[in-house]
Every structure is written in C-alpha cells, then in structure tokens.
Amino acid sequence: MVDYDILCEQLESLAESDRWFLPVLANASALLYTQLPRLNWAGFYLRRGDELILGPFQGQPACVRIPFGKGVCGTAAMLDKTQRVADVHRFPGHIACDSASNAEIVIPLHDKQDRLCGVMDIDSPEKNRFSAEDQKGLEKFARILERCMEFD
C-alpha cells in the first residue's frame, strides 16, 4: 500500500529547491513512477490552447499532442474533472500511446489563478489498478503541485 502522506512530503521537499514548473514536474513524474507499484507511465501534459502537449514523464515514449475531449487526458481537461478508468479499452476514444496500458487515472492541474494548466497522467498495465484511495491520494499530490509550481 502506498503512503500518500509520505509521497506528498517528498514532493514538497523536492519542490523547495526550485519552484519553476519544469523541474517540479520532472521530479514529480520520477517520484510517482518509482514509488507507485505496477505503473508503466507517469507524467504530465501541459495546456497549450485547446490541446495538451507532452511534458515531463517517466516511461515509454508518448503521444505529443492530445486535443481537448479526446482520450482520457483530453476528457479530463475538457471536463476539468479527474478520470479514473479501470479498463481503458472500454473508454470511448481512448488514445493508445502504449498498447501495454490497461488502466489510467488523469487529474487536472490548475495555476495560481485556478485556470487549467495541464493534467497529471498515470497508466498501469493492470486493469482496475487505481482505487478510490489512490484517487484521493493522487488528487492531494496534484494540489501540492499546484501550490508549489510557478509558471513565470
């Protein structure tokens, strides 16, 4: 079982040295990928107009651009709501960047003005990988990112 309180403390500690979004997200993706079991991708897509652009990540190469409303990431961005998907193959319009992915959780991220600035995307080869407890812990992690990151 993952101790999300410790994971969040580690994130806050890493973000203390530099709050610019790029190193914060790079360290956050490495932290997620190495500390959460049974993942095959952990990273971020950043908002650019009405699409998401690949940001820092850990895992296999990924799709570079995702339009709002397309796939799990684009749906999370369009609805501005966490998407926890037990089986991505049953998700309408799923974008298969990595054919090994079977479950996914995507959490929207906001800047200091509460505008959508991107999404945190985590994939697993295991169906039903993400529980309600995982969602709660990862949403807490996302809120810390929002508080720690600076985009200037």
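I take helices (H or I, at least four residues) and strands (E, at least two) as DSSP runs, numbered from the N terminus. The model is predicted.

**Entry: loops**

I looked up Asp 114 first. I found it in the loop between E5 and E6. Its phi is near 65°, a positive value in a residue other than glycine. I noted this because most residues other than glycine have a negative phi. Is Asp 114 buried or exposed? Asp 114 is exposed, since its relative accessible area is 60% and the cut-off for exposed is over 50%.

Next I went to Asn 128, in the loop between E6 and H4. Asn 128 is not a glycine, yet its phi is positive, about 60°. I have Asn 128 down as exposed, with a relative accessible area of 58%.

I also entered Asp 80, which follows H3 and has a positive phi near 55°.

**Entry: the largest nonpolar core**

I listed the largest nonpolar core, which has 32 residues. Which of its members touch the most other members? They are Leu 32, Leu 36, Met 120, Ile 122, Leu 138, Phe 141 and Leu 145. I then asked which elements give two or more residues to this core. The helices are H1 (4-15), H2 (21-35) and H4 (132-148). The strands are E1 (41-48), E5 (103-110) and E6 (116-124). A general point goes beside this: in soluble globular proteins, nonpolar side chains tend to be buried together.

I followed Leu 138 further. Leaving out residues up to four places away in sequence, Leu 138 touches Tyr 4, Leu 32, Leu 36, Ile 105, Ile 107, Met 120 and Ile 122.

I found a second core, separate from this one, with 14 residues. Among them are Tyr 45, Ile 66, Cys 73 and Phe 91.

**Entry: H1 against H4**

I went through the helix pairs one at a time. The axes of H1 and H4 come within 10 Å and cross at roughly 15°. This angle makes H1 roughly parallel to H4, as angles under 35 degrees count as roughly parallel. I recorded the crossing of H1 and H4 as right-handed. From H1, the contact takes in Tyr 4, Asp 5, Leu 7, Cys 8, Leu 11, Glu 12 and Ala 15. From H4, I listed Glu 133, Asp 134, Gly 137, Leu 138, Lys 140, Phe 141, Ile 144, Leu 145, Arg 147 and Cys 148. How many residues of each class are in this contact of H1 with H4? I have ten nonpolar, one polar and six charged.

**Entry: H1 against H2**

H1 and H2 have axes 10 Å apart and pack at an angle of about 150°. H1 and H2 are therefore roughly antiparallel to each other. I noted a right-handed crossing where H1 passes H2. H1 contributes Leu 7, Gln 10, Leu 11, Leu 14 and Ala 15 to the contact. H2 contributes Val 24, Asn 27, Ala 28, Leu 31, Leu 32 and Gln 35. I sorted the residues of the contact of H1 with H2 into eight nonpolar, three polar and no charged.

**Entry: H2 against H4**

For H2 and H4 I have an angle of about 160° and axes 12 Å apart. H2 and H4 are therefore roughly antiparallel to each other. The crossing of H2 and H4 is right-handed. I listed Val 24, Leu 25, Ala 28, Leu 31 and Leu 32 on the H2 side, and Leu 138, Phe 141 and Leu 145 on the H4 side. By class, the contact of H2 with H4 has eight nonpolar, no polar and no charged residues.

**Entry: H3 and Gly 71**

Last I turned to H3, residues 71-79. Helix H3 is mostly covered, with seven of its nine residues buried. These are Gly 71, Val 72, Cys 73, Gly 74, Thr 75, Ala 76 and Ala 77. What do the buried residues of H3 pack against? I found E1, E2 (51-59), E3 (65-67), E4 (83-85), E5 and E6.

I took Gly 71 of helix H3 as a single case. Gly 71 counts as buried because its relative accessibility is 3%, and the limit for buried is under 20%. Not counting residues up to four places away in sequence, Gly 71 touches Phe 91, Gly 93, His 94 and Ile 95. I also noted a separation of 27 Å between the C-alpha atoms of Gly 71 and Tyr 4, which are 67 residues apart along the chain.

Terms used
Residues numbered from 1 in each chain as written. Predicted model: local features only at pLDDT ≥ 70, side-chain atom pairs only at ≥ 80, totals over all residues. Heavy atoms only, no water. Core = buried A, V, L, I, M, F, W, Y, C linked by side-chain atoms within 4.5 Å. Buried < 20%, exposed > 50% of the residue type's maximum accessible area, 1.4 Å probe, protein only. Contact = heavy atoms within 4.5 Å. Axes fitted to C-alpha atoms, helices over the stretch in contact; angles between N-to-C directions. Parallel < 35°, antiparallel > 145°, perpendicular 65-115°, else oblique. Left-handed = near helix turned anticlockwise from the far one by under 90°. Nonpolar A, V, L, I, M, F, W, Y, C, P; charged D, E, K, R; others polar.
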